[in-house]
Amino acid sequence: MSSLDSLAGHVAGATPGPMARRVRGLSDRALAWLFITPTIVLLLAINIFPLIWTIRLSFTNYRANRPNAPVVDVGIDHYVSILSDPDVWAAMQATAHFLFWTILLQTLIGFALAYLIDRRFRGHDFWTTVILIPMMLSPAVVGNFWAFLYQPQIGLWNYAVSLLTGIPASSFSMIGEVKLAPWAIIIVDTWMWTPYVMLICLAGLRSIPDYLYEAAEVDRASAWRQFWSITLPMALPFIMLAILFRGIENFKMFDMVNLLTSGGPGSTTEVASITLKREAFEKWRTGYSSAFAIILFVAVFGLANIYVKALNRVKAR
């Protein structure tokens with residue numbers, strides 16, 4: 001292969017004279033590294049360095065609001081304190097509750113919607129677009145919109161519940177009562193992100209070859225049998241992928257909870273991200289909050305790795 005046919009030759013052909021002579025003398029491997037080096041440097045600067053710096057701060061008593069104060073190494077004291085703090089475990093329990101119900105509802109509703117749209121009924125393109133609208137909105141817009149809907153005096157939510165159940169509209173507050181506030185956030189997150197799960201499930205359903213259903217019909221398999229033997233197993237990797245994405249996102253959920261309840265009433269909806277924010281930017285315990293952030297990162301990374309291994313096994317079947 002001549003130099004003009006190589007990658008360096010093509011690049012040199014589009015480069016001004018003096019620079020072109022230098023580029024033409026590079027190998028394809030060197031030229032490839034030349035192109036990806038800025039991206040690697042940017043990745044290190046934005047992701048890797050802050051992570052390393054956070055790990056370093058987690059072993060100190062550093063406070064961001066006191067940058068000139070002496071920094072003392074405290075070892076693993078922050079980690080021990082966090083793992084033995086009942087308030088932290090309460091926040092993790094609230095996070096687990098939020099995770100379980102949002103993932104369950106979004107998966108069931110999202111797959112059901114995808115299954116219906118995959119039937120290609122008349123007007124399915126229009127309804128697909130309508131269903132996707134919540135996902136296209138900003139979390140700030142959604143949070144403020146639903147905070148207005150949840151107002152007990154003027155919000156439409158209470159009036160809708162009153163119309164269906166007969167309960168007085170002003171007798172309850174979705175974001176002001178301990179038992180209802182967690183469900184208020186779950187409802188909003190499910191409304192907003194079910195379309196995302198639906199899209200992934202729909203991609204899985206559309207990837208199933210038609211000849212499998214044709215063979216099942218030849219064997220006189222019922223529609224229910226086709227669903228359990230063909231549709232669900234073939235779409236399962238996509239469903240699991242949607243669960244993985246939503247699980248990671250919901251584990252670090254902050255904006256929606258902060259806009260709707262700010263962790264209240266009391267600490268009922270104080271998920272882990274809200275606790276982290278309070279420690280870092282209200283109490284200014286930077287070292288402590290850094291340790292908490294590392295614990296959350298390790299938890300998400302470890303659980304995601306285990307889940308990905310299970311996903312790979314399902315895909316390999």
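# Briefing: loop, pocket and helix packing

Gly 264 sits in the loop between α12 and α13. The model is predicted. In that loop, a cis peptide bond links Gly 264 to Pro 265. Elsewhere, the largest pocket holds about 310 Å³ of space. Helix α14 is the top contributor to the lining of that pocket. Helix α14 also packs against α3, with axes 8 Å apart.

**The loop between α12 and α13**

- The cis bond between Gly 264 and Pro 265 has an omega of about -5 degrees.
- Pro 265 belongs to the loop that runs between α12 (255–260) and α13.
- Is Gly 264 buried or exposed? Gly 264 counts as buried, because its relative accessibility is 9% and the cut-off for buried is under 20%.
- Gly 264 has a C-alpha to C-alpha distance of 8.0 Å to Ile 175. In sequence, Gly 264 and Ile 175 are 89 residues apart.
- Ser 262 is also placed in the loop between α12 and α13.
- Phi of Ser 262 is positive, near 55 degrees, and Ser 262 is a residue other than glycine.
- The relative accessible area of Ser 262 is 39%, so Ser 262 is partly exposed.

**Other loop residues**

- Trp 284 lies in the loop between α13 and α14.
- Trp 284 has a positive phi, near 55 degrees, in a residue other than glycine.
- Trp 284 has 31% relative accessibility and therefore counts as partly exposed. That value falls between the cut-offs of 20% for buried and 50% for exposed.
- Phe 59 is in the loop between α3 (28–57) and α4 (77–83).
- With a relative accessible area of 29%, Phe 59 is partly exposed.
- How many residues separate Phe 59 and Met 136 in sequence? They are 77 residues apart in sequence, and their C-alpha atoms are 41 Å apart in space.

**The largest pocket**

- The volume of the largest pocket is about 310 Å³.
- Which elements give two or more residues to its lining? They are α11 (223–251), α13 (272–281) and α14 (286–316).
- α14 gives the most, with five residues.
- The lining includes Ala 293, Leu 296, Phe 297, Val 300 and Phe 301.
- Ile 248, Phe 251, Ala 272, Ser 273 and Leu 276 are also among the lining residues, as is Lys 252.
- By class, the lining splits into nine nonpolar residues, one polar and one charged.
- Lys 252 lines the pocket, and lysine counts as charged. Ser 273 lines the pocket too, and serine counts as polar.

**Ala 316 in α14**

- Ala 316 is part of helix α14.
- Is Ala 316 buried or exposed? Ala 316 counts as exposed, because its relative accessibility is 63% and the cut-off for exposed is over 50%.
- Ala 316 and Pro 237 are 9.8 Å apart, C-alpha to C-alpha. Their separation in sequence is 79 residues.

**Helix packing**

Each pair below is given by its angle and its axis distance, since two packed helices are described by the angle between their axes and the distance between the axes.

- α3 and α14: the packing angle is about 120 degrees, and the axes are 8 Å apart. That angle makes α3 oblique to α14. The crossing is left-handed.
- α7 and α9: helix α7 covers residues 139–149 and helix α9 covers residues 181–206. Their axes come within 11 Å and cross at roughly 135 degrees. That makes α7 oblique to α9. The crossing of α7 and α9 is right-handed.
- α10 and α11: helix α10 spans residues 210–218. The angle between α10 and α11 is about 165 degrees, and the axes are 11 Å apart. Angles over 145 degrees count as roughly antiparallel, so α10 and α11 are roughly antiparallel to each other. Their crossing is right-handed.

Methods
Residues numbered from 1 in each chain as written. Predicted model: local features only at pLDDT ≥ 70, side-chain atom pairs only at ≥ 80, totals over all residues. Heavy atoms only, no water. 1 Å grid on protein atoms, 1.4 Å probe; cavity = no way out; pocket = protein on both sides within 12 Å on 5 of 7 lines; lining within 4 Å. Points joined across faces, edges and corners; volume = space filled by probe spheres on them. Helix = DSSP H or I, 4+ residues; strand = E, 2+ residues; numbered from the N terminus. Buried < 20%, exposed > 50% of the residue type's maximum accessible area, 1.4 Å probe, protein only. Axes fitted to C-alpha atoms, helices over the stretch in contact; angles between N-to-C directions. Parallel < 35°, antiparallel > 145°, perpendicular 65-115°, else oblique. Left-handed = near helix turned anticlockwise from the far one by under 90°.
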